[in-house]
Amino acid sequence: MQRAFSKFVGNCLLFLAGFLFAALTSSEALEIGLGTADITPDVTTFRVPLAGYGARLGRPATGIHDPLRAKVLYLNDKNRHMALIAVDLRSSTPEFKKQIVEKTADLGMNLDNIFVAASHTHAGPSMYPEKFWQMQFGKYDPAIVDIMTSAIAQAIRRAAAATIPARVGYAAKNLDGFTRNRRWRYNTEQRNANGETPNVEPKLSVVRFDDMNGECLALAVHFAAHPTILGAENMRISAEWPGVLQRELERAFPKCVALYLNGAEGDQSPAVGEGGDEFERMNNYGMRLAQYAAQLAEQIETRPDLSIGYMRCLPDLPEITFPESARRKFAAYADAAREALPGKAELQLFQIGPIALAGLPGEPIMEVGQAVEEGFADSDFELPLAIGLANDYIGYIVNEKEYAHGGYEVESRSYYGSGLGAFIETEIALMGKKLAGKATCD
Ligand SMILES: [Zn+2]
């Protein structure tokens with residue numbers, strides 16, 4: 001334990017003072033500011049391959065179905081400031097985050113106080129500098145990333161320049177029939193023999209930010225599912241159902257900015273309902289989800305003067321290894337994979353009063369997400385949320401049980417062995433304790 005902690009401390013930066021949820025009397029004076037940016041690439045000027053499905057073979061987008069946006073929630077209390085950035089993209093990259101930081105460094109923004117959360121839309125641009133990812137999603141033009149990060153930096157500036165005192169509250173509810181476990185098809189017989197049941201994560205959480213008069217300023221919606229209603233044949237840019245969800249919420253709350261945060265979606269597929277074509281089905285799914293989110297938002301009571309905090313850790317990842325059953329398949333691009341994949345996991349916590357946002361750099365399956373959230377049990381957070389696709393991408397994050405079942409998430413996109421899930425769970429639990437002041441460094 002001693003060793004684990006010293007490693008932990010060596011790799012961590014913690015910015016927190018006066019952490020006490022209950023100490024509302026100390027008047028931390030939370031303020032927030034909002035910013036929105038259109039980050040839709042210009043497909044008439046640039047060649048824009050879409051990231052998400054390898055089956056598109058790197059072909060460029062042919063048009064725009066609906067725009068991609070970035071939403072900035074800038075927060076400050078009297079001690080510190082930080083920005084949560086929700087983007088309609090497949091995943092973030094270190095280069096993407098670095099550019100945002102560089103363009104806002106004069107505001108005191110850095111890698112620790114900026115949290116990038118991608119929706120995982122499969123109809124956004126390929127934006128990966130590494131050959132390994134370009135082999136799968138197509139070459140990208142660095143000018144596109146430069147334009148997107150400049151637009152986001154401007155949105156951060158607008159948000160930081162317009163902060164006002166804010167109240168925060170939250171609500172959560174389980175939704176049946178919105179998700180299915182897409183890994184149940186692998187090893188089904190053995191799963192049945194083991195007495196397993198298909199896991200789904202039904203929890204919809206909404207965090208509401210109001211001004212001091214109770215007028216809604218922002219809604220952050222957390223729900224775990226793949227934005228994969230549009231298939232590989234779709235060649236038009238789209239924010240997918242998270243775009244519909246955010247648009248509909250902003251219609252229902254016209255003065256409010258909606259931010260979508262994906263969860264532990266590694267094995268969660270959308271249970272798609274009625275609709276004549278995939279665009280209609282995507283629209284219906286997003287609208288139904290927005291109705292539930294709006295109902296929750298209406299019920300939320302907010303409170304003022306909360307404190308905020310953040311922490312970012314970069315623990316060394318387990319050694320890169322490919323599953324036994326996929327070694328032959330990986331042989332052709334194992335070198336490119338080793339070159340592209342990070343040696344450290346970027347893990348990030350944002351604390352907003354009693355809420356902990358845990359950013360994981362990849363696609364955790366729901367069991368890992370639940371374990372991550374349960375890992376906060378000793379840390380006094382009322383609402384811990386595991387957020388996938390945050391900041392960086394290390395592939396799927398599965399546990400030992402699911403690793404043994406194989407399938408796409410393991411054989412095509414698990415790069416750090418069967419212990420990755422447990423490793424991430426342990427690291428985040430340590431971070432939660434530290435952020436809550438329940439663990440010391442020595
Ligand atoms: Zn995925």
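These are my notebook entries on strands, a sheet and helix packing in one predicted model.

**Ground rules.** I number residues from 1 along each chain as its sequence is written. The model is predicted, so I take local features only at pLDDT of at least 70 and side-chain atom pairs only at pLDDT 80 or more, while totals for chains, interfaces and linings use all residues. Helices (H or I, at least four residues) and strands (E, at least two) are DSSP runs, numbered from the N terminus.

**Entry 1: the sheet.** I looked up the strand order. Five strands form an open sheet, β15-β13-β12-β10-β17, with mixed pairing. Two strands count as paired if DSSP finds at least two bridges between them. The edges are β15 (257-262) and β17 (303-304), each paired on one side only.

I then went through the pairings. β10 (residues 167-174) and β12 are antiparallel over eight bridges. Y170 has V207 in β12 as its bridge partner. β12 and β13 (residues 216-223) are also joined in the antiparallel sense, by six bridges. There F209 is matched with A218 in β13. β13 and β15 run parallel over six bridges. A220 has its bridge partner, L259, in β15.

**Entry 2: strand β12.** I checked burial next. A residue is buried if 20 or more other C-beta atoms lie within 10 Å of its own, exposed if 12 or fewer, and partly exposed in between; C-beta atoms are placed from the backbone. In β12 (residues 203-210), seven of the eight residues are buried. I also looked at the turn after β12. β12 and β13 make a hairpin with five residues between them. G214, in that turn, has a positive phi of about 85°.

**Entry 3: helices on the sheet.** α6 packs on the sheet and touches β13 and β15. Contact here requires C-beta atoms, placed from the backbone, within 7 Å. The direction of α6 makes about 150° with that of β15. Axes are lines fitted to C-alpha atoms, for helices over the stretch in contact, and angles run from 0 to 180 degrees between N-to-C directions. α7 lies across β10, β12 and β13, at about 50° to β12.

How do α6 and α7 pack? α6 (residues 240-252) and α7 (residues 278-299) have axes 8 Å apart, at an angle of about 45°. They are therefore oblique; under 35 degrees counts as roughly parallel, over 145 as roughly antiparallel, 65 to 115 as roughly perpendicular, and the rest as oblique. The contact includes W241, L245 and L249 of α6 and M282, Y285 and L289 of α7. The crossing is right-handed: the near helix is turned clockwise from the far one by less than a right angle, where anticlockwise would be left-handed.

**Entry 4: helix α2.** Which residues of α2 are buried? In α2 (residues 94-102) they are F96, K97 and I100. They span an arc of only 95° around the axis, which puts them on the same side of α2. The arc is taken over directions from the helix axis to the C-beta atoms. Their cover includes β7 (114-118) and α4 (142-160). The axes of α2 and α4 come within 9 Å and cross at roughly 45°, which makes the pair oblique. This crossing is right-handed. E95, F96, Q99 and I100 of α2 meet V145, D146, T149, I152 and A153 of α4.

**Entry 5: strand β18.** Side chains in a regular strand alternate between the two faces of the sheet. In β18 both faces are covered: I308, Y310 and R312 are buried on one side, and G309, M311 and C313 on the other. With six of six residues buried, β18 (residues 308-313) is largely enclosed by the rest of the structure. β18 pairs with β19 (residues 347-352), antiparallel, over six bridges. I308 stands opposite I352 in β19.

Methods: Two residues are in contact if their C-beta atoms, placed from the backbone, lie within 7 Å.
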